[in-house]
Amino acid sequence: MRVHPSTLAEHILRADSRSIARACTLVENRAPGSVDLLKSLFPHTGRAFTLGITGAPGAGKSTLTSALVTELRRRAARVAVIAVDPSSPFTGGAVLGDRIRMLQHHADPGVFIRSMATRGALGGLAPSTHDLALVLDAAGFEWILIETVGVGQDEVDVARLAGATAVVVCPGAGDDVQAIKAGILEIASVLVINKADQPGANQLERDLSEWHVPIVRTVATTGEGIAALLEQVHKARASGPNGEAQWILRLRAMYAERILRNLDPARLAEAARLVSGRQADPYTIIEEWLNI
Ligand SMILES: Nc1nc2c(ncn2[C@@H]2O[C@H](COP(=O)(O)OP(=O)(O)O)[C@@H](O)[C@H]2O)c(=O)[nH]1
Ligand SMILES: [Mg+2]
């Protein structure tokens, strides 16, 4: 069944959750009509705040995300979650206890949870995640939480597209500063030492203090420190990059994706044949593709 993009857009603007879910699927699959839909939704965006939540598997990102949802709902904000982590309890990955904790939000109409499946999609994860965030922004969610695993460039890119990024680390599990990927600390607006109920939190905080990024200790399982985390996120939001600086990153990512998506696989294969046989050089071919 096809719904006209403008009809679907109207339903999304009225925050109809089935229509939002439908739009997410269209956008994620880059289905026909999805760009028209995004065009019609775009004028209604710009109000949501996007928080990236990243860190190594097991650091407690999903638990923390769930605790943030609970706290934001207590403050009457509408919250959307995009879980890029395939092992996320939101997507049904984790152990039963965790999953039940996350599932409590599914019954709440003020919460929308979406997991993304398009890992390794041509052109990268970041542009489609950002498009999804725009759909949710148009639907009136004030907060968009994006949980990503802090491994690989894709995840770093996703975090970079967010308004602020919380990097979650925890004591133990070899998670000392040396074990934390340097690149991931660099994108942090706030460092979260989660599992602060576990030994080693003091040492970790001392080690991390040299990064000169605000540090918050949390116990995601009890909600301890969540209000303090939100306070730091608000500060990061106030002092963070302005809209134009963010759009430079986003436009670059969107441009690269669009160009890659337009590349016909047959044309690519033919070019590879010519170049590997030294019948053509790659520079001329790319100039031809770009019409320069
Ligand atoms: N002791 C303790 N355990 C936690 C805390 N936060 C999360 N966990 C547990 O750590 C495990 C991994 O959490 P999860 O949120 O799935 O981590 P993720 O892979 O980073 O999303 C789960 O068993 C959680 O219950 C915490 O603050 N303290
Ligand atoms: Mg997770």
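Hi everyone. I'd like to start with a single contact: the side chain of Thr45 comes to 2.6 Å from the backbone oxygen of Phe42. Please keep in mind throughout that this is a predicted model.

So where does Thr45 sit? It belongs to the loop between helix H3 and strand S1. Its relative accessible area is 16%, so Thr45 counts as buried, the cut-off being 20%. Leaving out residues up to four places away in sequence, Thr45 touches Leu134, Asp137 and Ala138.

Let me zoom out for a moment. The protein has 292 residues, and 45% of them are buried. They are organised with 13 helices and seven strands. If you take contacts between residues at least 6 apart in sequence, 73% of them join residues at least 24 apart. On the outside, the protein exposes about 14,700 Å², and carbon and sulfur atoms supply 55% of that area.

Now to the interior. The largest nonpolar core has 29 residues, and the members that touch the most others are Leu51, Leu64, Leu68, Trp143, Leu145 and Leu229. Several elements give at least two residues each to this core: the strands are S1 (49-55), S2 (79-83), S3 (111-115), S4 (143-149), S5 (164-169) and S6 (190-193), and the helices are H4 (61-74) and H10 (226-239). There is also a second, separate core, with 28 residues, including Leu8, Ile20, Ala80 and Phe141.

Let's look at one residue of the largest core, Leu64. What does Leu64 contact, once we set aside its neighbours within four places in sequence? The list is Ile53, Val168, Val192, Asn194, Thr218, Ala220, Ile226 and Leu229.

Another residue I like is Thr165, which lies in strand S5. Is Thr165 buried or exposed? It has 3% relative accessibility, so Thr165 counts as buried. Thr165 and Leu51 are 114 residues apart in sequence, yet their C-alpha atoms are 5.6 Å apart in space. Leu51 is also among the residues that Thr165 touches, along with Gly52, Thr54, Ala159, Ile187, Ala188, Ser189 and Val190, not counting residues up to four places away in sequence.

On to the part many of you came for, ligand 1. It is surrounded by 19 residues, and the closest are Gly58, Gly60, Lys61, Ser62 and Thr63. Which element supplies the largest share of the shell around ligand 1? That is H4, with three residues. Helix H5 (96-103) also supplies at least two residues of the shell. By type, the shell around ligand 1 divides into five nonpolar, seven polar and seven charged residues.

Three side chains make polar contacts here. For Thr63, a side-chain N or O atom is 2.5 Å from an oxygen atom of ligand 1. For Glu147, a side-chain N or O atom is 3.2 Å from an oxygen atom of the ligand. With Gln198, the ligand atom is a nitrogen, again 3.2 Å from an N or O atom of the side chain. Taken on its own, ligand 1 has 580 Å² of accessible area, and the protein covers 81% of it.

Last topic: backbone angles. Most residues other than glycine have a negative phi. Here are some with a positive value.

Arg30 has phi near 55° and is placed in the loop between helix H2 (17-28) and helix H3 (34-41). Its relative accessible area is 18%, so Arg30 counts as buried.

His212 likewise has a positive phi, near 55°, and is found in the loop between helix H9 (201-208) and strand S7 (215-217). Is His212 buried or exposed? At 72% relative accessibility, His212 is exposed.

Then there is helix H13, residues 282-290. At its start, a side-chain oxygen of Asp281 comes within 2.9 Å of the backbone nitrogen of Tyr283. After H13 comes Asn291, with a positive phi near 60°.

To recap briefly: Thr45 is a buried loop residue, Leu64 is among the best-connected members of the largest core, and H4 gives the shell around ligand 1 its largest share. Thanks for listening!

Definitions and conventions
Residues are numbered from 1 along each chain as its sequence is written. Chains are lettered from A and ligands numbered from 1 in the order in which they are written. This is a predicted model: local features need pLDDT of at least 70, side-chain atom pairs count only at pLDDT 80 or more; totals for chains, interfaces and linings use all residues. Side-chain values use heavy atoms; hydrogens and water are left out. A nonpolar core is a set of buried Ala, Val, Leu, Ile, Met, Phe, Trp, Tyr and Cys residues joined through side-chain atoms within 4.5 Å. Buried means under 20% relative accessible area, exposed over 50%, partly exposed in between (1.4 Å probe, protein chains only). Helices (H or I, at least four residues) and strands (E, at least two) are DSSP runs, numbered from the N terminus. Contact means heavy atoms within 4.5 Å. A residue is near a molecule or strand if one of its heavy atoms lies within 4 Å of it. A polar contact is a pair of N or O atoms within 3.5 Å; within protein, one must be able to donate a hydrogen and the other to accept it, and residues adjacent in sequence count only if both atoms are side-chain atoms. Accessible areas come from the Shrake-Rupley method with a 1.4 Å probe; for residues, only the protein chains shown count as cover. Ala, Val, Leu, Ile, Met, Phe, Trp, Tyr, Cys and Pro count as nonpolar, Asp, Glu, Lys and Arg as charged, and the others, Gly among them, as polar.
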